[in-house]
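Visitor: Please take one part of this structure and look at it closely. Then show me what lies beyond that part.

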Amino acid sequence: MCEYLNHVTKPLPSPSFTHEPSRLRRVLAALYTSLHHSTPMALADTSRGGPGSEDQGSRFPEIVELNVGGQVYVTRQSTLTAVPDSLLWTMFSQKTPRELPRDSKGRFFLDRDGFLFRYILDYLRDLNLVLPDYFPEKCRLQREAQFFQLHDLCARLAPKVSKENSIGEDTCVSDPDEGALPCTVAAAGSGGPAESSRLRRSGYITIGYRGSYTIGRDIQTDAKFRRVARITVCGKTSLAKEVFGDTLNESRDPDRPPERYTSRYYLKFNFLEQAFDRLNESGFHMVACSSTGTCAYVSNDPNEDKIWTSYTEYVFCRD
């Protein structure tokens, strides 16, 4: 009995692969090695700053997505850090991604002029400034360059001063025709109404909008008779800027020369009466109007109103 108990309680020998067939021994040895070394390898990759650490916000990716005032840009990190000591260089080389604000889609967000930022980005790519002809936004671009601390670009955009201590032709104004506008107003104030009307430029401006309305069974419109989505402005560029000023959105046709015509401007407000007031104050009067309507939605339910969409244009003239 004692011999039997000694035989049962005898400790088992440590596992050895020498008693197994050669093929099974190799499989078990490989499995043991992989289980033994898998965890240290994963930790080593994280400590080196691999993809996992990028997700945690420790370093910037090579390709960076930006949201600048609602405009999306995709560029390299090396482009953003091309000018040392600039604001973008500080943001994308001296800080970490977790320190910068992001939009809802994870893009780095900059609350600046999205249209003008494309010229900032073009400058950073090769440190060369190339602007289109009749570029009307030099003052605003210079302000953006100052914000991003691009001192060389600011110097290139500064107004040129001639030897006679007067500003040269490359004056920083929003529009060539608008540059002469203050002198015109001053002359008009001294010459009376006849002189003022003579100095004003004649021309046409067309205001258009798309709206919607409903017609019920009793042929009466409801409270949502007019829903204006956007008021468009068509005509000569210089006239449109003179009348609407800062309320004019030029993002769809930004580089249009002052004496050319455009049909892609629209207003930053949605009130037709406000547009009419500005035109009236500038000496314009309505000469024509046209409108079209289309039934956009018809229900099988006779009690449900029909939804109509319309497009209307108003033509204004100043003699």
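Guide: Start with helix 11 in this predicted model. Its buried residues are Thr 237, Ser 238, Leu 239, Ala 240, Lys 241, Val 243 and Phe 244. That makes 7 of the 8 residues of helix 11, which spans residues 237–244, so the helix is largely enclosed by the rest of the structure. The cut-off here is simple: buried means under 20% relative accessible area. Just after helix 11 comes Gly 245. The phi angle of Gly 245 is positive, near 55°.

What touches this helix? Take Phe 284. Both Leu 239 and Val 243 are among the residues Phe 284 touches. An α-helix has 3.6 residues a turn, so residues three or four places apart point the same way. Phe 284 sits in the loop between helix 12 (272–281) and strand 8 (285–297). Its relative accessibility is 4%, so Phe 284 counts as buried. Leaving out residues up to four places away in sequence, Phe 284 also touches Gly 203, Ile 205, Leu 279, Phe 316, Cys 317 and Arg 318. Now compare sequence and space. Phe 284 and Ser 202 are 82 residues apart in sequence, yet their C-alpha atoms are 9.0 Å apart.

Next, the nonpolar cores. The largest has 29 residues. Within this core, Leu 66, Leu 88, Phe 92, Phe 117, Ile 120 and Leu 150 touch the most other members. Several elements each give two or more residues to the core: strand 1 (63–68), helix 5 (87–93), strand 3 (108–110), helix 6 (117–126), helix 7 (138–147) and helix 8 (151–157). Helix 6 gives the largest share, 6 residues. Look at Leu 88 as one example. Setting aside neighbours within four places in sequence, Leu 88 is in contact with Leu 80, Thr 81, Leu 110, Phe 117, Leu 124 and Phe 148. There is also a second, separate core, with 19 residues. Ile 207, Val 233, Phe 269 and Leu 272 are among them.

Now the aromatic rings. The whole structure holds 11 aromatic pairs. One of them joins Phe 60 and Phe 92. This pair is tilted, with 5.2 Å between the ring centres and 55° between the planes. Phe 60 lies in the loop between helix 3 (51–55) and strand 1, while Phe 92 lies in helix 5. The two are 32 residues apart, so the pair links distant parts of the chain. Phe 60 has a relative accessible area of 8%, so it is buried. Phe 92 is buried too, at 0%.

Another pair joins Tyr 209 and Tyr 314. This one is stacked: 6.4 Å centre to centre, with 10° between the planes. Tyr 209 belongs to strand 4 (residues 203–215), and Tyr 314 to strand 9 (residues 306–318). They are 105 residues apart. Tyr 209 has 8% relative accessibility and counts as buried. Tyr 314 is also buried, at 14%. Elsewhere, ring pairs link Tyr 73, Phe 117, Phe 147 and Phe 148 into a cluster.

Finish on the surface. Leu 24, Val 27 and Leu 28 make a nonpolar surface patch of about 230 Å². Leu 24 is found in helix 2 (residues 22–47). At 38% relative accessibility, Leu 24 counts as partly exposed. Set that beside helix 11, where 7 of the 8 residues are buried.

Methods:
Residues numbered from 1 in each chain as written. Predicted model: local features only at pLDDT ≥ 70, side-chain atom pairs only at ≥ 80, totals over all residues. Heavy atoms only, no water. Buried < 20%, exposed > 50% of the residue type's maximum accessible area, 1.4 Å probe, protein only. Helix = DSSP H or I, 4+ residues; strand = E, 2+ residues; numbered from the N terminus. Patch = residues over 30% accessible without salt bridge, like charges linked within 9 Å, V, L, I, M, F, W, Y side chains within 5 Å. Areas by Shrake-Rupley, 256 points an atom, 1.4 Å probe, with all protein chains shown as cover. Salt bridge = Lys/Arg side-chain N within 4 Å of Asp/Glu carboxyl O. Contact = heavy atoms within 4.5 Å. Core = buried A, V, L, I, M, F, W, Y, C linked by side-chain atoms within 4.5 Å. Phe/Tyr/Trp six-rings, centres within 6.5 Å; stacked < 30°, edge-to-face > 60°.
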